[in-house]
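Please take a moment with the sequence and the structure before reading on. The paragraphs that follow move along the chain from one region to the next.

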Amino acid sequence: MLSTAEIGIDLGTANLLVYTKDKGIVLNEPSVVALNTETKAVLAVGTEAKNMVGKTPANIIAVRPLRDGVIADFDVTTDMLKAVMKKASKKIGLSLRKPNVVVCAPSGSTSVERRAILDAVRSCGAKNVHIIEEPVAAAIGSDLPVSEPIANVVVDIGGGTTEVAIISFGGVVSCNSVRIGGDKLDDAIIQYVRKKYNILIGERTAELVKMEIGYTPVEHEEMTMEVRGRDLVNGLPKTIELSSLEIQSALTEAMLQLLEAIRATLENCPPELSGDIVDRGVMVTGGGALINGMQDWLSQEISVPVHIAPSPLESVAIGTGRSLKFIDKLQKATL
């Protein structure tokens, strides 16, 4: 008889990852669904759907059912999860019938938002569903000793939210969640290019700019990148050259808000744990950890050691999967 499959799901605003005990990460796809507006049928999910963003005819839309780390469109999220489970079971080569699932939720999410996540996963045929807080999952995935009574500070910069949490003894001691993440940074780049050059660029282009020449407020050697968009004055396509210094100034405001959240969390830290933070420092995970200069800038600003997680994009998914072993302990800590 087959034992029940155990899987961890990172239901992220930007990417959806599935982790299984034996195979590690089996699926990592963008949280995008392409829908037919007339029949409401799902046409594509994940990478295929992301490639359609901004390029579809009127009767097809590419939507992101998760916003700011929580479910914005329940039905579409359920359809997306079903499609993802199907893909994952094909990859593993075994049927995921009634699996035990651990799924993560932002620590700032309300009970209604958590209920929506539980219902969406259950409706895909899961047997038992546990919710784990995102920072705790990120800490487990970054190999931090979460269950010990020492301070582990995690800064998880995701697509929709940034979670800053101090974790000790399996639970969250102090935590701040701000709705700033990769999406906000992309948006800042779009607005900047629009204001300065009168050119409209798409979300995917903005994301590429951020990854190539996006910098935190640190000194660096200037880099440039050619970008194509639509001229808002005459409506024609146009190519411009952006410099990394410009993009840096466009991102500064969002970066400072992020820093504010980290400082606020550290201020609420119990004095006993503050000593640990000075020694052990802060662990940065999530896609935002990959922005150029993040480690140097944060260590300058908060004067404690800053580490980037071994695989920042996958930390939360790895953590959700690993947490299945000691979910009972964690459930007690979060109740």
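**From the first strand to the last helices**

Strand E1, residues 6–11, is mostly covered, since five of its six residues are buried. The coordinates come from a predicted model, and everything said here should be read with that in mind. E1 has two pairing partners to follow: with strand E9 (residues 100–105) it pairs in the parallel sense over four bridges, while strand E2 (residues 15–20) runs antiparallel to E1 and is joined to it by five bridges. Individual residues let you fix each pairing on the screen, for Ile 7 has Val 101 in E9 as its bridge partner, and Gly 8 is bridged to Tyr 19 in E2. Between E1 and E2 there are three residues, and the two strands form a hairpin. In a regular strand, side chains alternate between the two faces of the sheet.

Further along the chain, an open sheet is built from three strands in the order E14-E15-E16, with antiparallel pairing. Its edge strands are E14 (199–200) and E16 (237–243), each of which pairs on one side only. Strand E15, residues 224–231, pairs with E16 in the antiparallel sense over seven bridges, and within this pairing Arg 228 has Thr 239 of E16 as its bridge partner. Helix H6, made up of residues 203–213, lies across E15 and E16 and runs at about 165 degrees to E15.

Helix H7 covers residues 244–267, and its length can be checked by a simple calculation: at 1.5 Å a residue its 24 residues should span 34 Å, and because the C-alpha atoms at its ends are 33 Å apart, the two values agree. There is nevertheless a kink of about 45 degrees in H7, centred on Thr 252. At the start of H7, a side-chain oxygen of Ser 243 comes to within 3.0 Å of the backbone nitrogen of Leu 245.

A second serine is worth examining, this one at Ser 323, in the loop between helix H10 (315–322) and helix H11 (327–334). Is Ser 323 buried or exposed? Its relative accessible area is 0%, and a residue counts as buried when that value is under 20%, so Ser 323 is buried. A polar atom of the Ser 323 side chain lies 2.7 Å from the backbone oxygen of Thr 320, so that this loop residue combines a relative accessible area of 0% with a polar contact to the backbone oxygen of Thr 320.

Terms used. Residues numbered from 1 in each chain as written. Predicted model: local features only at pLDDT ≥ 70, side-chain atom pairs only at ≥ 80, totals over all residues. Heavy atoms only, no water. Pairing = 2+ DSSP bridges. Contact = heavy atoms within 4.5 Å. Axes fitted to C-alpha atoms, helices over the stretch in contact; angles between N-to-C directions. Expected span 1.5 Å × (residues − 1). Bend = angle between axes of the 7 residues up to and from the residue. Polar contact = N/O pair within 3.5 Å; in protein donor to acceptor, adjacent residues only side chain to side chain. Buried < 20%, exposed > 50% of the residue type's maximum accessible area, 1.4 Å probe, protein only.
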